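Student: Please take a close look at one buried residue for me. I would like to know where it sits and what surrounds it.

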Amino acid sequence: DLAGGIVAGAAISILAGLFLAERALVPIRRSWEKQQRFVADASHELRTPTSIIQARTELLLHYPERSIEQESPHIAVILQENKRMGKLIADLLTLARSDSNQIQIQASEVALDSLIVEVADQFRFLAENKSVEIETNVQRPLTFRGDEARLRQLLVILLDNAFKYTPFSGRIEITGESRSHSVYLSVADTGCGIPKEDLPHVFERFYRGDKARSRAQGGTGLGLSIAKWIVEAHHGTIRIRSEVGLGTKAEVSLPRAHERQYPALAGRFAG
Ligand code: ADP
C-alpha cells in the first residue's frame with residue numbers, strides 16, 4: 001500500500017510537472033509562432049516587388065532595339081518597386097530590432113512644437129499637388145523628453161497615412177498640447193475612413209484594410225505597428241477612431257511620468 005501510494009504520488013507529481021512545463025512553454029510557443037508568421041509574411045511581401053522587377057527587366061532585355069523613351073514606363077515601374085522594397089526592408093529591420101530589444105529609447109528634451117511644424121512642412125509640398133490642406137494646431141512651447149528620431153518617425157507615419165488615404169481637396173489637422181500628466185498629439189484627416197471590421201486589426205503587422213488602395217499608395221502594412229511600438233516604448237497609448245467616408249483620427253498620449261527614466265541621448269543609436 002505504501003509503495004502504491006508512493007508510485008501514485010510520484011505519478012501525480014510528474015503529471016503536475018508536465019502540466020506546468022507545458023503551460024510555461026505556451027508563451028514561448030506563441031512567440032515562436034509569431035516570429036514564424038512574421039518571416040513568412042515578410043518573404044511574401046518581398047516576393048511581389050522582386051517578381052515585378054524581374055518581369056520588367058526581362059521585358060527590357062527582350063526588346064533591345066527599343067529607345068529609352070519607349071522603355072521608360074517599364075523603368076519607372078522598376079524604380080517604384082525598388083523604392084517600395086527599400087521601404088519594406090527598412091520597416092522590417094525596425095520591427096525585427098524592436099522585437100529583439102536592440103533599440104533603446106535615447107532621450108533628450110524634444111521641442112515637439114517645432115518637430116510637428118517641421119514634419120508638416122515636409123508634407124506640404126506633396127499636399128499642395130493634391131490640394132490637400134494641412135493645418136497645425138500646436139501649443140507653444142511643447143516639449144517632451146523622449147527619443148526625437150522615433151517621435152519624428154511616429155509623426156511621419158501618422159501624417160503619411162492621413163495623406164495617403166485622403167483624396168483630392170481634403171484636410172489634415174495635426175494638434176499637439178500639454179495636458180496635466182501627458183502630452184496629447186493627434187492627426188485627423190477627412191479621408192476614406194476605416195471600416196468597423198478593419199479597425200481592431202490596423203495595428204497588426206502587414207494588415208492592410210484595402211490591399212489594393214494601400215499598395216497603390218506605397219503602403220507596406222507595417223506603419224501603424226511601428227507607430228504603436230514607438231508609442232509603447234514611451235509608455236504611451238495610441239488609438240484610432242474612424243468613420244467610413246468621413247475620416248480618421250489617430251490620437252497619441254505620452255505620459256510625463258516616465259520622461260526621466262530613459263537613458264540620456266549618448267553613444268550608440270541602434271535604430
Ligand atoms: P499601410 O502601409 O497599408 O498604410 P498601416 O499599418 O500604416 O499600413 O495601416 C494599416 C491599415 O490601416 C491601412 O492599410 C489602411 O487600411 C488603414 N489606415 C491607416 N491609417 C488610415 C487613415 N488615415 N485613413 C484610412 N485608412 C487608414
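**A close look at Thr-166**

Tutor: Buried residues, meaning those under 20% relative accessible area (1.4 Å probe, protein chains only), make up 37% of the 271 residues in the protein chain. This is a predicted model, in which local features need pLDDT of at least 70 and side-chain atom pairs count only at pLDDT 80 or more, while totals for chains, interfaces and linings use all residues. Residues are numbered from 1 along each chain as its sequence is written, and side-chain values use heavy atoms, with hydrogens and water left out.

Thr-166 is found in the loop that joins helix H4 (148-164) to strand E4 (171-178). Helices (H or I, at least four residues) and strands (E, at least two) are DSSP runs, numbered from the N terminus. The protein chain has six helices and seven strands, and their order from the N terminus is α-α-β-α-β-β-α-β-β-α-α-β-β.

Thr-166 counts as buried because its relative accessible area is 2%. Leaving aside residues up to four places away in sequence, Thr-166 touches Lys-130, Val-132, Arg-171, Ile-172, Asp-189, Thr-190 and Gly-191. A contact here means heavy atoms within 4.5 Å.

For the protein chain as a whole, consider contacts with a separation of 6 or more: residues 24 or more positions apart account for 74% of them. The C-alpha trace of the protein chain spans about 95 × 60 × 45 Å along its principal axes.

Notes: Buried means under 20% relative accessible area, exposed over 50%, partly exposed in between (1.4 Å probe, protein chains only).
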